[in-house]
Amino acid sequence: MKHSFVPTGVCSKLIDLDIEDGVVRKIVFHGGCSGNLQGIAALVEGQRVEDVKKRLKGINCGGKGTSCPDQLAKAIEAAIDAG
């Protein structure tokens, strides 16, 4: 299942993700801190969505109340809800 998510409160402008059989297959962040976001994508690809959500949800960046990892967790939730 391919899904696009528009994050809020972070530098990244779009998150494209592909989830298959409950596993994150591909993540692409558009905008934001390229090296860090490529690293996050490489670390979570191949992981189960529930594990990724649990690890990343609630991470705060600079007092913003959210972060790109937190927004990725929200993107995964939105993709699952969209079914």
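In this predicted model, the side of helix 2 that carries K54 and R55 is exposed at those two residues. The other residues of this helix, and the strands and helices around it, are described below.

**Helix 2 and its surroundings**

Helix 2 covers residues 49-56, and its buried residues are V49, V52, K53 and L56. Viewed down the helix axis, these buried residues fall within an arc of 100°, so they line one face of helix 2. An α-helix has 3.6 residues a turn, so residues three or four places apart point the same way. The cover over the buried residues of helix 2 includes two strands, strand 2 (14-20) and strand 3 (23-30), as well as helix 1 (34-44) and helix 3 (68-82). After helix 2 comes G58, which has a positive phi near 90°.

**Overall architecture**

The protein contains three helices and three strands. Along the sequence these elements follow the pattern β-β-β-α-α-α. For 83 residues, a compact globule would have a radius of gyration near 12 Å, and the value of 11 Å for the protein agrees with this. The C-alpha trace spans about 35 × 20 × 20 Å along its principal axes. Of the 83 residues, 39% count as buried. Among contacts between residues at least 6 apart in sequence, 42% join residues at least 24 apart. The protein exposes about 4700 Å², of which carbon and sulfur atoms supply 53%.

**The strands**

Strand 1 pairs with strand 2 in the antiparallel sense, over four bridges. Within this pairing, S4 stands opposite D16 of strand 2. Strand 2 is also joined to strand 3, again in an antiparallel arrangement, by seven bridges. Here L14 has H30 in strand 3 as its bridge partner. Strand 2 and strand 3 form a hairpin with two residues between the strands, and in this hairpin D21 takes a positive phi near 55°. In a regular strand the side chains alternate between the two faces of the sheet.

**Salt bridges**

Side chains of opposite charge can pair when their charged atoms come close. The protein has four salt bridges, including those in the table.

| Salt bridge | Closest N to O distance |
|---|---|
| K2 and D18 | 3.6 Å |
| E50 and K53 | 3.6 Å |
| K74 and D70 | 3.6 Å |

The salt bridge of K2 and D18 links distant parts of the chain, with K2 in strand 1 (residues 2-5) and D18 in strand 2, 16 residues apart. K2 is exposed, at a relative accessible area of 70%, whereas D18 is buried, at 17%.

The salt bridge of E50 and K53 lies within helix 2, where these residues are three apart, about one turn of the helix. E50 counts as partly exposed at 48% relative accessibility. K53 has a relative accessible area of 17% and is therefore buried, since buried means under 20%. K53 thus takes part in a salt bridge and also belongs to the buried residues of helix 2.

In helix 3, K74 and D70 are four residues apart, which separates them by about one helical turn. K74 is partly exposed, with a relative accessible area of 33%, while D70 counts as buried at 3% relative accessibility.

Notes. Residues are numbered from 1 along each chain as its sequence is written. This is a predicted model: local features need pLDDT of at least 70, side-chain atom pairs count only at pLDDT 80 or more; totals for chains, interfaces and linings use all residues. Side-chain values use heavy atoms; hydrogens and water are left out. Buried means under 20% relative accessible area, exposed over 50%, partly exposed in between (1.4 Å probe, protein chains only). The arc is that of the directions from the helix axis to the C-beta atoms. Contact means heavy atoms within 4.5 Å. A salt bridge is a side-chain nitrogen of Lys or Arg within 4 Å of a carboxyl oxygen of Asp or Glu. Two strands pair if DSSP finds at least two bridges between them. The radius of gyration is taken over C-alpha atoms; the globule rule is 2.2 Å times the number of residues to the power 0.38. Accessible areas come from the Shrake-Rupley method with a 1.4 Å probe; for residues, only the protein chains shown count as cover.
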